[in-house]
Amino acid sequence: MKVTVVGAGAVGASCAEYIAIKNFASEVVVLDIKEGFAEGKAMDLMQTASLNGFDTKITGITNDYSKTAGSDVAIITSGIPRKPGMTREELIGINAGIVKTVSSSLLEHSPNVILIVVSNPMDTMTYLVHKTTGLPKNRIIGMGGALDSARFKYRLAEALEAPISDVDGMVIGGHSDTGMVPLTAHATRNSIKVSEFLSEERLAQVSEDTKVGGATLTKLLGTSAWYAPGAAVSSMVQAIACDQKKMFPCSAFLEGEYGLNDICIGVPVLLGKNGIEKIVKIELAEAEKAKMQESAEGVRKTNSLLTL
Ligand SMILES: NC(=O)c1ccc[n+]([C@@H]2O[C@H](COP(=O)([O-])OP(=O)(O)OC[C@H]3O[C@@H](n4cnc5c(N)ncnc54)[C@H](O)[C@@H]3O)[C@@H](O)[C@H]2O)c1
């Protein structure tokens, strides 16, 4: 499998690193607009190959899309990240132009590629790719929920004082501080509902900490996070490469599912060799349904800022 990562910054390099370490792809091409930057990152990463025991070939290129030809999967991380105090939505002006150009350049050389959109505001950028490329909806996947769910599990394990491997949970909805919908009623520890162990107040706190997970890190780091985003993307790419039919919450184009139309937003999907193999419909509690609708309103508000 050939994977292209556009953007060799913090998230892009982390994606390339985790994909290589997991050793399921034959080739990873990293592309950046900044002269020599992707080449440098790729060389540095390749010098970890003998130490980390992977055979994936990583190459870096400056803005030459012909080198991405024949990619099976491409990950779009190009664009600016937020600074402390900023929302993801504030990035739309610059990132929309970048995502539009990058997706069309990728498709010119890899007409069968599956696109994973990471750049923020992610749900709106995923919608933009839908509207401007005309690709079938199974081949456009937004990454947000996989990361938010990992953050949810981290917070749940912390509250439960349990190892993370004991914990399961999912976050759906928009990938924003106010739009995320952590499914606390469905979260479990070894198949037992976490509500058996945690008070309503503690669970509400876990939810809040999850929703501001990205902002908390941005404040600490001065820019947005990269390790967990890179790991989340690599798991999604692995599910596609190995046709795992594995379930992740991803931003997908909806046509009636969850009562929503003409929007990309986080819902559970199965990822396999065709990208989104299926949108999984689960029964939500009334409160969760209401939160999902509210979240969709927020995403639509950001979508309305796009000039399509
Ligand atoms: N969806 C998520 O869960 C999630 C998580 C973390 C970050 N993000 C988003 O991912 C994006 C990247 O974050 P980062 O921390 O890696 O930023 P970064 O600044 O470290 O890297 C971005 C890279 O994109 C490159 N770039 C800019 N325009 C380009 C173009 N036209 N073509 C190719 N490369 C171009 C830049 O040169 C830079 O190297 C941001 O928009 C951030 O908000 C999303």
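1. Starting with a small detail: strand 10 (residues 188-189) and strand 11 run antiparallel, with two bridges joining them. Within that pairing, Thr188 sits opposite Lys193 of strand 11. Do keep in mind throughout that this is a predicted model.

2. That pair belongs to an open sheet of three strands, ordered 7-10-11 and paired antiparallel. Its edges are strand 7 (167-168) and strand 11 (192-193), each of which pairs on one side only.

3. Next, have a look at strand 12 (residues 246-255). Seven of its ten residues are buried, so the strand is largely enclosed by the rest of the structure. Its partner is strand 13 (residues 261-272): the two run antiparallel and are joined by ten bridges. One spot to click on is Pro249, which stands opposite Pro268 in strand 13.

4. The connection is worth a glance too. Strands 12 and 13 make a hairpin, with five residues between them. In the turn, Gly256 has a positive phi of about 105 degrees.

5. Now for strand 4 (residues 73-76), which has parallel neighbours. Strand 1 (residues 2-6) runs parallel to strand 4 and is joined to it by four bridges; here Val3 has Val73 as its bridge partner. Strand 5 (residues 114-117) also pairs with strand 4 in the parallel sense, again over four bridges. Val73 turns up here as well, standing opposite Ile114 in strand 5.

6. Which way do the side chains of strand 4 point, and are they buried or exposed? Val73 and Ile75 point one way, Ala74 and Ile76 point the other way, and all are buried. As background, side chains in a regular strand alternate between the two faces of the sheet.

7. Zooming out, the protein has ten helices and 14 strands. Its radius of gyration is 18 Å, close to the 19 Å that the globule rule gives for 308 residues, so the protein is as compact as a globular protein of that length. Along the principal axes, the C-alpha atoms fill a box of roughly 55 × 45 × 40 Å.

8. On packing: 53% of the 308 residues count as buried. Among contacts with a separation of 6 or more, 71% come from residues 24 or more positions apart.

9. Last, the surface and the charges. The protein exposes about 13300 Å², with carbon and sulfur atoms supplying 53% of that area. There are 30 positive and 34 negative side chains, and the centres of the two sets are 2 Å apart.

Notes: Residues are numbered from 1 along each chain as its sequence is written. This is a predicted model: local features need pLDDT of at least 70, side-chain atom pairs count only at pLDDT 80 or more; totals for chains, interfaces and linings use all residues. Side-chain values use heavy atoms; hydrogens and water are left out. Buried means under 20% relative accessible area, exposed over 50%, partly exposed in between (1.4 Å probe, protein chains only). Two strands pair if DSSP finds at least two bridges between them. The radius of gyration is taken over C-alpha atoms; the globule rule is 2.2 Å times the number of residues to the power 0.38. Contact means heavy atoms within 4.5 Å. Accessible areas come from the Shrake-Rupley method with a 1.4 Å probe; for residues, only the protein chains shown count as cover. Lys and Arg count as positive and Asp and Glu as negative; His and the chain ends are not counted. The place of a charge is taken as NZ of Lys, CZ of Arg, CG of Asp or CD of Glu.
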